[in-house]
Structures are given as C-alpha cells and as structure tokens.
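Thanks for squeezing me in, everyone. Let me put the sequence and the model up on the screen, and then I'll walk you through it.

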Amino acid sequence: MAKHATPLLDQLESGPWPSFVSDMKQEAEARAKNENNVEYQIPQDACEDLLGVLELSFKDGTTHWKHGGIVGVFGYGGGVIGRYCDQPENFPGVAHFHTMRVSQPAGKFYTTKYLKEICDLWERRGSGLTNMHGSTGDIIFLGTTTPQLEEIFYELTHNLNQDLGGSGSNLRTPSDCIGQARCEYACFDTQDLCHNLTNEYQDELHRPAFPYKFKFKFDGCPNCCVASIARSDLSFIGTWKDDIRIDQDAVAGYVSGEFKPNAGAHAGRDWGPFDIQKEVIDLCPTGCMKYEDGKLLINNKECTRCMHCINVMPRALRPGLERGCSMLAGAKAPILDGAQMGSLLVPFIEVNKDNDYQEIKDVIEKIWDWWMEEGKNRERLGELMKRQGFQKLLEVTEIKPVPQHVQEPRSNPYIFWKEDEVEGGWDRDINEFRKHHQR
Amino acid sequence: MTFISSGYNPDKPMEDRITDIGPRHFEEFYPEVIKNNKGKWLYHEILKPGVLVHVSETGDEVYTVRVGGARLMSITHIREICEIADKHCDGHLRFTTRNNIEFMVDSKDKVEPLIQDLESRKFDGGSFKFPVGGTGAGITNIIHTQGWIHCHTPATDASGTVKATLDEVFSDFQNMRLPAHLRISMACCLNMCGAVHCSDIAILGYHRKPPMVDDAYLDKICELPLAIAACPTAALKPTKVELEDGTTVKSIAINRDRCMFCGNCYTMCPSLPLADKEGDGIVLMVGGKVSNRISAPKFSKVVVAFIPNEMPRWPTMTKTIKQIIEAYAADARKYERLGEWAERIGWERFFEKTGLEFTHHLIDDFRDPAYYTWRQTSNFKF
Amino acid sequence: MELEEAKEKIVEALTKKAKSKSKFYFNDLSKILDLKPRAAKKLITRLIETEVLEYWSSGSTTMYGLKGMGKQAAAEHED
C-alpha cells in the first residue's frame, strides 16, 4: 500500500514510453520489502515521499524544493547540489535530498559489474534513484542526506576508484561522442582526449576559481552528436585536411539501389529510387561534386566537410586520413545575453596522443589565463569574447588571424587602431604642425 | 537505522583522503568487439528502427540494439538492465548522449533473442521498459532537466512533459518516416541547464510572474547584497518596509517590468519565490540544429509564446508539438531538417502550414541581436 | 605570499564586510590578496583545507565565505 495517494502521477503510468512513475513506484516497493536486508542510511520511504512531493507539485503547479549552497564534500567546491523540501513535515523522507554528480567514463560504456557496485552503494546510502545521465554527462545520484555525502565520497574513491564531477564555477565534467569506439566518421579518439583532459584538469574541476562554469565537449566529426558547438565553451570537432576517400564500386552500389542511402535512415517511407544527382550532388553546399560517366568526382579543395555526402553514402565515402580537430570557442545557452554558437578559433590542430596533447593544452591554458584575469563574475568565455573582441582572443592565444575566422569581414570601418600599428606613433608636435597650418 | 561508517573519520577529514582521481578509464568498460576494432570501423547500417550494424575492416561486426529509457532511473531498473546485458551482451552496455541505452552483440544470431527479451519487459503500469527505436529519420529520446522532481526554479515538470510527449510521438520513435531526424529537448526554466537552444523542437518551462517578497523574513534568512547582485537585469534594490505590526525591516524592492523570470534571486534567497500555478507554463521553440550537415548549426526560434501547465499530461502542448511534426513531415524534402524547411518555405508559410498563431511575443525585443531578426527586404510571401 | 599573511588579509577584509554580506567571488579574494588568479588559488585552496574559508555554490556559480558566517547556514537548516 503506497504511503501517499498519487492519482495524477498514476495517469503517467499508461502509454508506451517507459514510465518514470512506474519505475519510482517499483523502487519504493523494493525498499519497503527490503529483501536483501539492506541497512538503509537514509529514510527507507524516501521514494514514497518523493512521489508524494511530486504529486503535490502536479496538483498545485509549483515546485517544493529549495536550494542549498553549503553542502559538499570537504575540499571540493563542486559535485554536490543541496536540496531541501519546503514541506518537510509531510515528507520527512526527502526533507534533505541532495544531488551528487559522479564523473562518467568517456563514451559512457559500462560493465555490469561496475553498475551493480554503483547501485549497491546508492541503495544503501541514497534514494536508489539516479539520472542516467545528467545534462552535462555525469551519473547523477538523486537524493541523500548531508551526513551521507562524505561517506559516499569515501566509498566512491576508496572502493570504486571513482571521483565526483563538476558544478559551480568549475570546469564541468567533460563529455564526448562515441567516437572511434564504434563510429567510422570519428576523426580523432574522442574518448582518449576527453579522459586525458579530464584528468589533467582535476584541480580546475573540483576547486572553483573561474568566473563561471566552463565546458569542454568532444565531437569526432562535424555531425556533432554531443552538440559541442552549441553548448561548450571549448568545442573540439574532428575534421580532416586531405581528400575524401572514394570507393567508386560502392558509389555504383548506391546508384544501382544495392545499398540503402544514409545507412537506411529513411527506410520508413517510400522516397522513390535513390537519385545521386538530386540527393547528393545538388545538396552539396559548396557545389564541389560531380557525377559523370558513372564516377563521382569531388573537388576536395572546395569542400567544407559538412558530412552530407558521407552520411548519405557511408560505404562509398570516408573522411580523409590527415585528421585532427577544429577548436571553437564561446558557445553557451541563452542566459543571459542570448545564446552563442562556438566561434572557430583553431581551424586545424593535430590530436596527438604521443605528446600528451600538448598543443591543445597550450591553447586551453592561454584562454584560461585570459578569462580568469579579465572575466567578470558570472561571465562565460563567449561573453568575454563579445566584450573584448575576437581580436583579443587571437592575441592571447597567439593565433594568426585568417579569413576562416569570419563569416564575412566587418561592414563598418571603425577599426580601433593601436598606436604601434601606425607609422610614427601617435605623439606629434603641435608646434611643427602650426608652422604649416594657421590657427 | 544504524549508522554504518564507510571508514571516513569526520574529525580528520584529510586523513587517508583520496581526491582528484577522475572518472574510471573508458577502456575498462569496452566490450571485446569494440576493443578489437576501435578506429577500424568501415561503415554502418540501420537494419531496422533501433538496430544498427557496424562493420570493421577486420571483418568483425557489432550489432547494436538501442532502447529508450527515462533518464530518471531507479537502481532496480539499472539492475534489470545489467541482468539483460549479462545474459546477452557479456556484461557490457552503454548509454547515449540522449539517454538511450545500447546493448551490443558481436553476431547477428544474437540480435533477435535480445530484441525479444527487451520488448517482452513491461512495467506494472503497462508501459514498455525497453522500447527499441530512436535511430535514423525519426524521433529519438528527449533529453531533459530535473523539473519538479528535484529543482528549485522549474516552471514546469520535466519527466512529466517528456513522458507525455514521447507517448504522443512514440510511433516516430519506432519508425523512420520523417524527412530527417528530429531532436526534441526539454528544459524546465530559462536557465536551460539542459541546453535546448539548438533543438528541432524545444520544450521550455517559463515563469511569467516576478517573485513575491517575503518581507517579514527576508532580512533574517537572506543577505540582501547577495540577492540583489544575483539579478541579471539589475531589477532588485534594497528598501525598507513597515510590517503590519509597525516594525520597520530591511527588504528588497523589485522593478517588476525588468524581471526576466529567471529565479536567480530565489537561488540566493528563499524569501523571493516565483513559482505560480497560473503564471508558469511552456514555451515552444523550433528549428535549431547542431550538425554542420548541409547548413550551419542554428538556434531554435520561439513559435509558441505560452501554453499553460496542464497536469498530468499537458494535452495542449503535446497536440501542438504533433501539429508541428505533421506539417513538417508532410511538406519538407528528404534530408531537410525542420529549421531548414522553415527557412526554405519562409516563416510566414511555417505559421500557415503549422496552423500556429503569430503574436507580438514572437518578435525579438531582447537587446541588440533583436534588430537582425526583423525583415529587412521587400521580399516576403503573402 | 605566506599562508599566514594571506589568512590575515582575507579574514580581516571579509570580517569587515560581514555585516552586509558573507559570500564573495573568487575574483574578490584574489583582489584582496593582490595576486594573479593562479597564485591566489593556491593560497585560497589552503584556506579551504584549513577550514578558514568554505565554499557556497548556487549550482552554477561558486562563492567563498568565512566558515560558518552568514545567514545561509540557518536558512539551509545546516547550522
């Protein structure tokens, strides 16, 4: 028998999509039964009370949580978000109900052994509810009490070789796409770079000293499956410099209908037979392709690597072999001055495991030095770039300006010349001037 | 309940402390076939909705079955996922960026038994535990934020709106009939801790009433300068208020016309609550994308300024989303994303074809970039 | 700068302002120490570890305060 009636939530149990309400109820029931004789360290009826609070929110259309900023684990400024229920008497099981962010492995592959260990820990010391995963990428432990925070951290670090993730004015837990682990498009090892930088910058991740949050995300190709270009202060997008590799036999296979276009992604509707002219050549944004005499020709010099042709014919076309990544800077969600997309900063950089990604780290650290010194409180990198100008970013990173940096050149001539750029400098002799110009 | 120590000593927090070890190394978790073929993959194919094969230059194949999952997930459910992975996948699995679960096997004959097992499992309430789908030119899982389950500033629920929407569009999770893939995302307030601003369709919770001020308690539990500094539009200032009992207290005055309803002040000071049943609801934004394919990444645009919260299933919201999807499905060209379609036919046609009403709320008036969104040409459609 | 000196400066500056507010941004602290951010961070980290300072997080932003000071502890039921 449920502790709280939940007539509104119950209506979210029907329908085909997995019901989070059914799942919460299942957890509530498992805790009530406690078949494994777990010594619960937070209230056994936490899930019941959480259902109760949620039902109340569904009834009155408002949240019942308050923020808490003090709680955390000793020495870390991030990884824990404090939460308190504003109806603690009615729902004592969730009166204190903090979130913990657990740093996910790159690529989000798991063994069941690891997941079961995580579950055992979270069953004993928390609500038994998680997010797999949070928006940034962490495993989220949803709901525990203050005294348990250190205990959980101790067990994570001592028994599971596992650290917390970031929150606050920190480097946030970096995340990546599946990359070369299972994708033929990936131009660099996203997992290795993600893991390497995450570990290199553990201090930045745990001990906040930035003006605001900072995110890295790693996309293996311009398809951008982790949306790095839209939501990370520094976005790494795999790319290549040489020619797209073509298998003309496989092209013929697509033309003849032997292979399904776009790896079969459009199989749910009859779009008619595949038309390479209409579906590939004519949609190429640079018009750099031709199909002549049964051969596909690409003028690679004009290609901007948008991935369309490769996506449509993955068996026939593959990215080139001279690979690396582009780095884009300053993406963020709209709060506050409007959303910003990443702006291209480094058109091409090698992703070089052998020297521990030193070139990439050099760029990162120059950007941080600038932002830590010049950034106002709660100013994202993208906003600092807007305030001080893209030129300033190029200056601090010592990157040479190239046309690739802009969509188009400026349409106003108001160039803020610097004194040292102007022949003879700015100090002039007014008396000398007056010799030739009357007052 | 008896307190069980992990070994941590609260009197000496630094004793024996382990820090800065980061996440587990990804290689520990790779299935054998992934380990052996990393970086060697040649091509992939979607065999049917939710089922992929990747073929390696070594001749190896990996078959992936993708299933949807509620991102709010219990350990009982995770243990069931583990049981399935132990039975079929040698104890390995992965999650996708969009909260799907992927079960991988190394030969074709293992695929059907896995699918049958997954599809046979249902919750007591009747919903699927592991619906197979979410690939290709269809709709995949909706990424979302916390909502009423755990957040202090949401203007709507996240899990609830997502469940209601995915039930409504479920056939497109298991089909690939759309012109291109369609990504729906949900954030429960404008702070967008889930960045939804580049989604084909974004569901966004929005408050419309400025915070109330709990004058009698504000100065007791909040520090005024911190609350005032938290406001991004400088709408707060210190004030003195006379309470009913005649005492004068320090408090905060809100310039209500400047409030953008972000709740940042409430984060600093619980005496400034802003949630409200009538005030809060949903904004719909459309046409964003993050891929660089054919056209550059785009931001989503606001096309519905407000839909009330209708618990528990938000019928007006789901109906409107469905309306947008059907107009897009009927009219867009193959490979064309929702935003590309809207730009090709023109936004005036978008509103005509979707049947959405255009109101003044949809014209940008927020700071400098607004100007660039007005029409500066004589070219438009009647 | 030595840790003791940093502690003195921080405690003095923060105590002076304690009547109006108890939480400060990292930048405020590095200004008090008159150090570049990276140098300031080393000392501030030590002050956290020796429990002179504590973090306060809004979730998106982090602030610093003298341990136990301010009204947050009471408001958050953590006193």
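Quick bit of vocabulary before anything else: helices (H or I, at least four residues) and strands (E, at least two) are DSSP runs, numbered from the N terminus. What you're looking at is a predicted model, so bear in mind that local features need pLDDT of at least 70, side-chain atom pairs count only at pLDDT 80 or more, and totals for chains, interfaces and linings use all residues. Residues are numbered from 1 along each chain as its sequence is written, chains are lettered from A and ligands numbered from 1 in the order in which they are written, and side-chain values use heavy atoms, with hydrogens and water left out.

Okay, the loops. In chain B, the loop between β12 (301-308) and α9 (315-331) holds B:P312, and the peptide bond leading into B:P312 from B:M311 is cis, with omega near 5°. Chain A has a cis bond too, joining A:M132 and A:H133 with omega about 5°; A:H133 sits in the loop between β5 (129-132) and β6 (139-142) of chain A. For context, most residues other than glycine have a negative phi, and most peptide bonds are trans.

On the phi side, A:A227 has a positive value near 60°, in the loop between β8 (216-219) and α8 (228-231) of chain A. A:A227 is buried, at 14% relative accessible area. By that I mean under 20% relative accessible area, with exposed being over 50% and partly exposed in between (1.4 Å probe, protein chains only). B:M192 also has a positive phi, near 50°, and at 6% relative accessibility B:M192 counts as buried.

Now the sheet. Which strands form it, and in what order? Six of them, running β4(A)-β5(B)-β6(B)-β3(B)-β2(B)-β1(B), in an open, antiparallel arrangement. Strands pair if DSSP finds at least two bridges between them. At the edges stand β4 (109-111) of chain A and β1 (41-48) of chain B, each with a single partner strand, so one side of each has no neighbour in the sheet. Neighbouring strands are turned by 30° against each other on average, direction ignored. Those angles use lines fitted to C-alpha atoms, for helices over the stretch in contact, and run from 0 to 180 degrees between N-to-C directions.

Inside the sheet, β2 (51-56) and β3 (61-67) of chain B pair over 5 bridges, with B:V53 opposite B:Y63. Helix α3 (111-120) of chain B packs on this sheet, touching β1, β2, β3 and β6 (101-105) of chain B, and its direction makes about 10° with that of β3(B).

Last stop, the inside. A nonpolar core here is a set of buried Ala, Val, Leu, Ile, Met, Phe, Trp, Tyr and Cys residues joined through side-chain atoms within 4.5 Å. The largest has 114 residues, and A:F216, A:F236, A:W368, B:F103 and C:L53 touch the most other members. Its largest share, 8 residues, comes from α12(A). Back in the sheet region, B:F103 is in contact (heavy atoms within 4.5 Å) with residues including B:Y63, B:V65, B:L114 and B:L118, leaving aside neighbours within four places in sequence. And A:N311, in helix α11 (308-312) of chain A, is buried at 5%; its contacts further than four places away include B:R293.
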